[in-house]
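I opened this model to look up its fold first and its metal site afterwards. The entries below follow that order.

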Amino acid sequence: MEPVTEWPYACPFCWEENTVLIDLSAPPASLIEDCRVCCQPILLELSMSMHGIEQVKASRSD
Ligand SMILES: [Zn+2]
């Protein structure tokens, strides 16, 4: 399994597709990324399962 994975998500501000790099050896519960299109801060909340990442929820970080 790749130790780092690229996960796609839609920006909650402009709905453009972004990707985030997630280190599977130490996945964070949440992180903040700036949208590459509109540069707004996006809160990403990770749900993990035994198989790896289950879901990444993107929401506005104000
Ligand atoms: Zn955006």
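**Notebook: fold and metal site**

I began with the secondary structure and found 0 helices and 5 strands in the chain, where helices (H or I, at least four residues) and strands (E, at least two) are DSSP runs numbered from the N terminus. From the N terminus on, I read the elements as β-β-β-β-β. The model is a predicted one, in which local features need pLDDT of at least 70 and side-chain atom pairs count only at pLDDT 80 or more, while totals for chains, interfaces and linings use all residues. Residues are numbered from 1 along each chain as its sequence is written, and side-chain values use heavy atoms, with hydrogens and water left out.

I then looked up the overall dimensions. The radius of gyration (over C-alpha atoms; the globule rule is 2.2 Å times the number of residues to the power 0.38) is 11 Å, close to the 11 Å that the rule gives for 62 residues, so the chain is as compact as a globular protein of that length. Along the principal axes, the C-alpha atoms fill a box of roughly 30 × 20 × 15 Å. I noted that 27% of the 62 residues are buried, where buried means under 20% relative accessible area, exposed over 50% and partly exposed in between, with a 1.4 Å probe and protein chains only.

Next I followed the pairing of β1 and β2, which run antiparallel and are joined by 7 bridges; two strands pair if DSSP finds at least two bridges between them. These strands form a hairpin with 6 residues between them, and W15 in the turn has a positive phi of about 65 degrees. P8 stands opposite T19 in β2. Along β2, N18, V20 and I22 point to one face and are buried, whereas E17, T19, L21 and D23 point to the other and are not.

Finally I turned to the zinc ion. Which residues are its protein donors? They are C11, C14, C35 and C38, each through SG, lying 2.3 Å from the ion; donors are N, O and S atoms within 2.8 Å of the metal (3.2 Å for Na, K and Ca), and sites may look incomplete because water is not among the atoms. The 4 donor atoms subtend angles of 105 to 113 degrees, which makes the arrangement tetrahedral, a label given to four donors if all angles lie between 85 and 135 degrees. The donor residues are spaced C-x2-C-x20-C-x2-C in sequence. The pair C14 and C38 links distant parts of the chain, 24 residues apart, with C14 in the loop between β1 (4-10) and β2 (17-23) and C38 in the loop between β3 (30-34) and β4 (41-49). I recorded C14 as partly exposed because its relative accessibility is 27%, and C38 as partly exposed at 28%.

Notes
Tetrahedral: all angles 85-135°; square planar, octahedral: opposite > 155°, others 65-115°.
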